[in-house]
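Let's take a walk through a protein together, beginning with the whole and ending with single residues. Please keep the picture open while you read.

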Amino acid sequence: MVPVRLTGPRLAIREFQHTPGDVDALHAIFGDPEATRYLPFEPHDREHCADQIAQYLEEALQEERTVYRLAVTRRADADDPADATPIGNAALTLGGRRSAALGYALRPDTWGNGYAGEVTALLCDFAFGPLGLHRLAALADVANTASARVLTRAGFQREGRVRHDVYRGGTWHDSFQYSLLADEWRAGAGQGG
């Protein structure tokens with residue numbers, strides 16, 4: 001495995017580690033009802049989060065890696081991102097025809113600082129640069145106006161509505177689908193926003 005390490009102005013993205021600190025950090029996101037309000041699953045317990053990280057590491061070791069589930073850290077929290085406590089999760093899931101699905105989730109106490117935009121930019125640079133992808137797609141719950149803003153500022157175009165996309169909390173939820181093409185990203189559409 002070649003570990004992924006991405007660095008932005010304020011954030012770094014790295015592989016998760018199967019340590020108590022990283023498990024606690026993932027649980028602070030995936031176990032929080034507010035943080036998971038727009039995600040396609042109910043809050044997870046700590047044991048499930050530990051199992052998730054084990055799965056992330058198995059996926060990272062695949063000969064042909066198709067899933068990148070990565071820890072988001074603040075650069076100011078440690079000299080080395082490996083020592084920093086994650087504040088979020090960033091994901092790219094590769095599909096056919098040089099495409100991938102992009103996703104992110106951040107701890108609620110970090111919301112409103114522009115971190116989601118920086119995570120999105122780092123993932124786009126990685127996807128359209130070293131991974132050589134042509135198209136990124138992202139889904140956002142129709143009620144998640146903050147993610148809609150992040151995606152459109154990054155240059156993503158809304159393609160349509162996916163009806164009854166997620167069943168959560170006993171209710172079906174619709175999602176908006178967004179996409180961004182490599183040439184749009186290279187042209188500077190929304191970068192830095």
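The paragraphs below go from the overall fold to the cores and then to a handful of residues.

Before we start, please keep in mind that this is a predicted model. Its building blocks are 5 helices and 8 strands. If you follow the chain along the sequence, you meet them in the pattern β-β-α-α-β-β-β-α-β-α-β-β-α. Try tracing that order with your finger on the picture.

How does the radius of gyration of the protein fit with that of a compact globule? For 193 residues, a compact globule would have a value near 16 Å, and the protein has 16 Å, so the two agree. Along the principal axes, the C-alpha trace spans about 40 × 40 × 35 Å. Contacts tell us about the folding of the chain, too. Among contacts with a separation of 6 or more, 62% join residues that are 24 or more positions apart.

Now let's look at the outside and the inside. The accessible surface of the protein is about 9800 Å², and carbon and sulfur atoms hold 49% of it. Of the 193 residues, 45% count as buried. The protein also carries 20 positive and 26 negative charges, and the mean positions of these two groups lie 7 Å apart.

Next, step into the interior. The largest nonpolar core has 37 residues, and Leu92, Leu102, Leu136 and Phe156 are the ones that touch the most other members. Which helix gives this core its largest share? It is helix α3, residues 115-128, with 9 residues. To get a feel for the packing, select Leu102. Leaving out residues up to four places away in sequence, Leu102 touches Ala91, Leu92, Thr120, Leu123, Cys124, Leu136, Ala137, Ala138, Leu151 and Phe156. Notice that Leu92, Leu136 and Phe156, which we met a moment ago, appear among these partners of Leu102. Apart from the largest core lies another one, made of 13 residues, including Phe16, Val23, Leu39 and Ile53.

With the cores in mind, we can visit two buried residues. Asp22 lies in helix α1. Is Asp22 buried or exposed? Its relative accessibility is 4%, so Asp22 counts as buried, the cut-off being under 20%. If we set aside residues up to four places away in sequence, its contacts are Arg14, Phe16, Gln17, Ile53 and Pro86. Phe16 and Ile53 are familiar names, as they belong to the core of 13 residues.

The other buried stop is Thr36, found in the loop between α1 (20-30) and α2 (46-60). A place in a loop might make you guess otherwise, but Thr36 has a relative accessibility of 2% and therefore counts as buried. Who are its neighbors? Not counting residues up to four places away in sequence, Thr36 touches Ile29, Phe30, Phe41, Pro43 and Arg168.

Let's move on to residues with a larger share of their area accessible. Gly129 sits in the loop between α3 and β6 (135-141). With 39% relative accessibility, Gly129 counts as partly exposed. Its C-alpha atom is 26 Å from that of Ala76, a residue 53 positions away along the chain. Ala146, in helix α4 (residues 145-153), is partly exposed as well, with a relative accessible area of 37%. Between the C-alpha atoms of Ala146 and Asp174, 28 residues apart along the chain, the separation is 16 Å.

Gly170 belongs to the loop between β7 (157-168) and β8 (171-181). Its relative accessible area is 53%, so Gly170 is exposed, the cut-off being over 50%. The C-alpha atoms of Gly170 and Phe128 are separated by 37 Å, with their positions 42 residues apart along the chain.

Our last stop is about the backbone angle phi. Most residues other than glycine have a negative phi. Arg97, however, has a positive phi, near 55°. You can find Arg97 in the loop between β4 (88-94) and β5 (99-106), and at 80% relative accessibility it counts as exposed. His164 has a positive phi too, near 50°. Where does His164 lie? This residue is in strand β7.

Methods
Residues numbered from 1 in each chain as written. Predicted model: local features only at pLDDT ≥ 70, side-chain atom pairs only at ≥ 80, totals over all residues. Heavy atoms only, no water. Helix = DSSP H or I, 4+ residues; strand = E, 2+ residues; numbered from the N terminus. Rg over C-alpha atoms; globule rule 2.2 N^0.38 Å. Buried < 20%, exposed > 50% of the residue type's maximum accessible area, 1.4 Å probe, protein only. Contact = heavy atoms within 4.5 Å. Areas by Shrake-Rupley, 256 points an atom, 1.4 Å probe, with all protein chains shown as cover. Lys, Arg positive; Asp, Glu negative; His and termini not counted. Charge placed at Lys NZ, Arg CZ, Asp CG, Glu CD. Core = buried A, V, L, I, M, F, W, Y, C linked by side-chain atoms within 4.5 Å.
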